[in-house]
Amino acid sequence: MVAAVSLQNVHKVYNNTCVVNDLSLAIHPGEIFGLLGPNGAGKSTTIRMLTTLAQQTQGHIVVAGYDVTQQPAQVRSKIGVVLQQVSVDADLTVWENMEFHGRMHHIPAAQRQADIRQWLGYVGLSDRTQDKAKTLSGGMKRRLQIARALLHRPSILFLDEPTVGLDPQTRRRLWEIILELNREQGMTMLLTTHYMEEVEYLCDRIGIMDQGRLIESGTLSELRQKHGEGLVMKQQSATGDAAADNRWEYLFFPTLAEANQYLDQQPDKTGMMTRPANLEDIFVELTGRNLD
Ligand code: ADP
């Protein structure tokens, strides 16, 4: 199978600092791939390189069959991009924002009108077409960005922190739109996030980035199997000091049953509990730090 997105030994250096370090990754057609990592891990820089907005210092990137350095225009015609910073034009109406993007992509007028109507309906903005973008809520602006990114019918959609700063209900609504696009249109997606629930809910495969490096990748169940599906949490001290009592030691077990069995065998279970391991636990295990 030809990868939808392929990075081979990609480096990006800013001011003598390697912010993306020897990244190799292939994303399959139709897959939702999530890049998870704390702030500064290099996720946005990776998206910027994949979408022709930044050039890699070293390495080879192919997107939708085109080399990003040699064939940037062809890459741009095949991809939709939703960036972290809201990039809609605040003083244009919703419709005008769409219209402008459609013209930039040379979509013929009749098709442009029909598609604008269709995508604004898809993201639930049909009743706001004549409103200026600045009057929209954060979630609506993000939906407008998504509708706009879809207008030229891309086969791959890049979403950089698509739900950052949105309330949980709006986040859910966007998740549904993303899932539907993937399931119904077969759209390949790469999204970055530092919300582990987002990758757990949306992503077929996950790559964990830290300090410019891809430190782990696979499906959620592969990662949980590899690191252990069951967790025993041990409170480090029970001194009554709130800060100290917040520190936990994590012990991974292949299954939750084995974690429970371990707990049962402890003569003193004070400050101990078990639960299924999640992505954040795996991240902490790998890096010794939290995601946020
Ligand atoms: P993430 O998206 O994972 O939060 P970024 O890719 O935004 O991480 O940033 C990775 C590192 O690269 C950070 O240390 C950031 O300060 C640095 N960086 C990003 N863009 C630039 C730039 N244009 N010039 C210099 N440094 C940059």
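Colleague: Which residues of helix 1 are buried?
Modeller: Lys43, Thr45, Thr46, Ile47, Met49 and Leu50. Buried means under 20% relative accessible area, exposed over 50%, partly exposed in between (1.4 Å probe, protein chains only). The model is predicted: local features need pLDDT of at least 70, side-chain atom pairs 80 or more, while totals for chains, interfaces and linings use all residues. Residues are numbered from 1 along each chain as its sequence is written, and side-chain values use heavy atoms, leaving out hydrogens and water.

Colleague: What makes helix 1 mostly covered?
Modeller: Helix 1 spans residues 43-50, and six of its eight residues are buried. A helix here is a DSSP run (H or I, at least four residues), numbered from the N terminus.

Colleague: What follows helix 1?
Modeller: Threonine 52, just after helix 1, has a positive phi of about 70°.

Colleague: Which residues surround the ligand?
Modeller: Tyr14, Asn15, Val19, Pro38, Asn39, Gly40, Ala41, Gly42, Lys43, Ser44 and Thr45. Each has a heavy atom within 4 Å of the ligand. Helix 1 gives the most to this shell, three residues.

Colleague: Why does the contact of serine 44 count as polar?
Modeller: A side-chain N or O atom of serine 44 sits 2.7 Å from a ligand oxygen. The cut-off for a pair of N or O atoms is within 3.5 Å, so the pair qualifies. Backbone atoms reach ligand oxygens too: an N or O of glycine 40 at 2.7 Å, and a polar atom of alanine 41 at 3.0 Å.

Colleague: How much of the ligand does the protein bury?
Modeller: Alone, the ligand exposes 560 Å²; the protein buries 59% of that.

Definitions and conventions. Helix = DSSP H or I, 4+ residues; strand = E, 2+ residues; numbered from the N terminus. Polar contact = N/O pair within 3.5 Å; in protein donor to acceptor, adjacent residues only side chain to side chain. Areas by Shrake-Rupley, 256 points an atom, 1.4 Å probe, with all protein chains shown as cover.
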